[in-house]
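Please open the model in a viewer and keep the sequence panel visible. The tour below proceeds by selection, one stop after another.

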Amino acid sequence: MAGQTIPNEYLAGYAQILAEVAATGRRLTRDELRSRRALGEQAAEAGHSLRALVVRHLAVTRETWPDTAATNVLAAVEQAIDALAEGYEGAQRLAVRQEEAARREFIDDLLYGRSDLGRLAERAERFGLRLSHAHAVAVAGDPASYDETGTVLRKVEQAVLTRFGDRSILLTTKDGRLICIAPGEQDEILTYFAKHAHAATDGGQVAIGRPHPGPGGVVHSYEEALNALDLAARMDLDSPVLHAADLLVFPVLTRDRAAMADLVRNILGPLHNARGGPGPLLNTLTAYFDAGCVATEAARQLNLSVRALTYRLTRIHSLTGSNPADPLHRYALQTAVIGARLLDWPAKNLGP
């Protein structure tokens, strides 16, 4: 019977409580109820079923009851409840599997823009989303692989729902990433999600797409968040939270890839003539621009003296004809440096 699988530790103090209740007729105290709740939580965390826990308690009750007739009745109650719970758990498992399958199919259709949009909006209401309104999507990066029953998802979901209730929030996983879909006008939800997802994933980056209306808006925001994570990887952006709205300049720069490749080739191509190739001088320009063109800060980031950094900048000027200290040249150089990072140059050949 199911009760045989429950260790005695989850019944600590139960027999004593029964003996005192039988002798005095009193009700359980607040501390006793609190201890039962704690043991129930521990049993659930250890993976024991409620059915097994209940039946085991009934067995102990029967063992400690002094009256023979009552013992026989409790034995029958124990068998009946065990059978009843077995049937209930079987039906519940089937319902959970069906619900998970329907939820996963909906998530796939929603994030990939599949299915009829009208039908998708109807299905969304079952999961608490009203797709006629604007929604935004946050996506946590992939430092580990998660699944729907993973502890990371449960931890983040509990934090968000405890803080905001359901509020038309949907948390799930997709392709090894944590995802939160929330109403577009409530940006505090996604900010809160980002904070807890970043902590729960040991520092994984989180990207937040812009709010967009309608059933297709979720797909648009989701793709913006994914693109922001991809951009962060290519550009070495280390901010824990990325907002797609703050990164709009980068898609603009790469919209005409051929033009950007031409700019990189023409402005930075001469760095190939440097001793050691273009890498060190390209890193120098990156650090210099990231430091706001402050030589002392850039030198510190590169572990160089200011004199060594100045020599490198002079060498760049000599090779490329562009002076990083000149405002007009600086703009062209910085744009080319950004383009090089976006196009993964010089690791990848940009063609003729």
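Begin with Pro346, which lies in the segment after H14. In this predicted model, the peptide bond that leads from Trp345 to Pro346 is cis, with omega near 15°. Most peptide bonds are trans, and most residues other than glycine have a negative phi.

Next, select Asp344, which also belongs to the segment after H14. Its phi is near 60°, a positive value in a residue other than glycine. Asp344 counts as partly exposed, at 35% relative accessibility.

Move now to Asn303, in the loop between helix H12 (295-302) and helix H13 (306-320). Asn303 is not a glycine, yet its phi is positive, about 60°. Is Asn303 buried or exposed? With a relative accessible area of 72%, Asn303 is exposed, because the cut-off for that term is over 50%.

The next stop concerns aromatic rings. How many aromatic pairs does the structure hold? There are two aromatic pairs. A pair of aromatic rings is described by the distance of the centres and the angle of the planes.

For one of these pairs, display Phe164 and Tyr192 as sticks: the ring centres are 5.4 Å apart and the planes stand at 85°, so the pair is edge-to-face. Phe164 is in helix H6 (residues 151-164) and Tyr192 is in helix H7 (residues 187-200), so the pair ties together parts that are 28 residues apart in sequence. Phe164 counts as buried, at 7% relative accessibility, whereas Tyr192 is partly exposed, with a relative accessible area of 23%.

Continue with Tyr288 and Phe289. Their ring centres are 5.8 Å apart and their planes are at 55°, so this pair is tilted. Tyr288 is buried, with a relative accessible area of 8%, and Phe289 is buried, with a relative accessible area of 8%.

Return to the pair of Phe164 and Tyr192 and add Arg163 to the selection. Arg163 lies over the face of Phe164, at 4.6 Å from the ring centre. Arg163 also lies over the face of Tyr192, at 6.0 Å from the ring centre.

The tour now turns to the interior. Which residues touch the most other members of the largest nonpolar core? Select Phe106, Leu110, Leu129 and Ile181, which hold that place among the 28 residues of the core. Colour the elements that give two or more residues to this core: helix H4 (68-112), helix H5 (117-126), strand S1 (135-140), strand S3 (177-183), helix H8 (215-235) and helix H14 (327-342). H8 supplies the largest share, eight residues.

Centre the view on Leu129. Leaving aside residues up to four places away in sequence, Leu129 touches Phe106, Leu110, Ala124, His135, Ser168, Leu170 and Ile181. A second, separate core holds 26 residues, including Met260, Ala274, Phe289 and Leu319. Phe289 has thus been met before, as a partner of Tyr288 in the tilted pair.

For the last stop, select Glu224, which is found in helix H8. Glu224 is buried, with a relative accessible area of 10%, because the term applies under 20%. Which residues does Glu224 touch, not counting residues up to four places away in sequence? The contacts are Gly209, Arg210, His212 and Ala244.

Conventions:
Residues are numbered from 1 along each chain as its sequence is written. This is a predicted model: local features need pLDDT of at least 70, side-chain atom pairs count only at pLDDT 80 or more; totals for chains, interfaces and linings use all residues. Side-chain values use heavy atoms; hydrogens and water are left out. A nonpolar core is a set of buried Ala, Val, Leu, Ile, Met, Phe, Trp, Tyr and Cys residues joined through side-chain atoms within 4.5 Å. Buried means under 20% relative accessible area, exposed over 50%, partly exposed in between (1.4 Å probe, protein chains only). Helices (H or I, at least four residues) and strands (E, at least two) are DSSP runs, numbered from the N terminus. Contact means heavy atoms within 4.5 Å. Rings of Phe, Tyr and Trp (its six-membered ring) pair if their centres lie within 6.5 Å; planes under 30 degrees apart count as stacked, over 60 as edge-to-face and the rest as tilted. A charge sits over a ring if NZ of Lys or CZ of Arg is within 6 Å of the ring centre and within 35 degrees of the ring normal.
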